[in-house]
Amino acid sequence: MKYSITLSSFSQIDEALEESLRRLVAQGYDAIEVLGVPRKSCIEKIKATLDTFDLAVSGISGMWGTMGKIGGSRLRTNLISTNPSFAKSGLEYAKHCLEMCRLVDGKQVNVCLTSDYQSISMYQLTHGFTLGSEKRHILESRIIPMLTELTRIAKDNDVKLLLEPLNRYCSQFCNTAKEAVDIARRVNHDSFGILLDTYHMNIEESSIESAIQNSGEWLRHTHFADNNRKMPGYGHIEFDSIVKSLKKVGHDEYICFEPNLSLADFKDATKRGLDLIKRIEYTYS
Ligand code: LER
Ligand code: MN
């Protein structure tokens with residue numbers, strides 16, 4: 001396995017990119033996952049810095065579910081927005097991420113099916129509400145055609161498009177590995193696959209291990225974080241059997257950490273979490 005970490009994890013950390021990268025290399029990381037910031041010039045600057053370090057780019061993680069200003073640019077990234085012009089902005093953003101991924105020699109871009117339903121209350125979300133038939137209708141009429149179009153653009157850019165299920169508070173359209181695999185079978189293209197995130201699976205899956213095993217050939221990438229979205233080992237998720245399941249399905253791509261880091265201990269946390277997973281992986285090698 002190769003190890004990566006999302007740059008989005010450092011968004012609350014006031015540190016020069018060079019300093020972070022230097023430490024990550026020293027800690028044993030193989031790659032980083034670039035954040036899909038809207039400005040090409042920012043991505044080019046990140047690329048120039050990256051070129052001075054012995055670090056690969058595992059891919060781009062998108063700023064899905066954003067509705068606001070980022071770096072002076074208005075960003076709307078809800079692909080399944082109830083507002084057609086917002087949904088169109090989300091589609092343009094997805095295309096931007098695919099082009100930027102090629103620019104930074106990344107392998108894949110995640111895509112998340114977020115929306116902006118104002119009518120669904122927190123009470124409903126915490127009490128099993130789903131969109132029912134509307135969900136099926138939107139899947140057929142919007143999601144499959146849109147992902148098929150984006151997959152064609154991914155192929156043109158020689159990168160993969162990976163659907164990432166999110167927990168129920170983040171998406172009403174794809175919450176489990178099974179739903180993502182069903183969609184992947186419909187898109188049915190080599191440049192399309194799924195990304196499983198342990199933080200979201202901890203909330204939505206009956207068994208994280210079965211979700212991994214049942215995803216088989218569609219599983220192309222992983223995001224690792226503990227139940228409290230800190231680095232593995234800082235919460236109660238049992239990563240031993242998760243790594244074992246990944247080994248069993250022959251997953252030898254990246255494990256990409258996507259933690260929320262805190263100022264108090266971010267330097268130790270990225271090291272301790274990585275060493276924990278490397279130790280576990282070693283026992284199953
Ligand atoms: C969001 O929670 C997440 O897991 C990210 O990977 C989405 O880009
Ligand atoms: Mn994730």
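How many cavities of 30 Å³ or more does a search of the whole structure find? Here are some notes to help you look; please keep in mind that this is a predicted model.

1. The search of the whole structure turns up 1 cavity of 30 Å³ or more. The largest cavity holds about 40 Å³ of space.

2. Which residues line the largest cavity? Try picking them out in the viewer: P165, N175, T176, A177, L196, D197, H200, M201 and E205. Two elements each give two or more residues to this lining, namely β8 (192-197) and α7 (198-204).

3. It is also worth colouring the lining by residue type. In the lining of the largest cavity, 4 residues are nonpolar, 3 are polar and 2 are charged.

4. Now turn to a pair of helices. Helix α2 covers residues 40-50 and helix α3 covers residues 84-103; their axes come within 10 Å and cross at roughly 25 degrees. Angles under 35 degrees count as roughly parallel, so α2 and α3 are roughly parallel to each other. Their crossing is right-handed.

5. Where do these two helices meet? On the α2 side, look for K40, I43, E44 and K47; on the α3 side, their partners are H96, M100 and L103. Sorted by type, the residues of this contact between α2 and α3 comprise 3 nonpolar, 1 polar and 3 charged.

Technical notes
Residues numbered from 1 in each chain as written. Chains lettered and ligands numbered in written order. Predicted model: local features only at pLDDT ≥ 70, side-chain atom pairs only at ≥ 80, totals over all residues. Heavy atoms only, no water. 1 Å grid on protein atoms, 1.4 Å probe; cavity = no way out; pocket = protein on both sides within 12 Å on 5 of 7 lines; lining within 4 Å. Points joined across faces, edges and corners; volume = space filled by probe spheres on them. Helix = DSSP H or I, 4+ residues; strand = E, 2+ residues; numbered from the N terminus. Nonpolar A, V, L, I, M, F, W, Y, C, P; charged D, E, K, R; others polar. Axes fitted to C-alpha atoms, helices over the stretch in contact; angles between N-to-C directions. Parallel < 35°, antiparallel > 145°, perpendicular 65-115°, else oblique. Left-handed = near helix turned anticlockwise from the far one by under 90°. Contact = heavy atoms within 4.5 Å.
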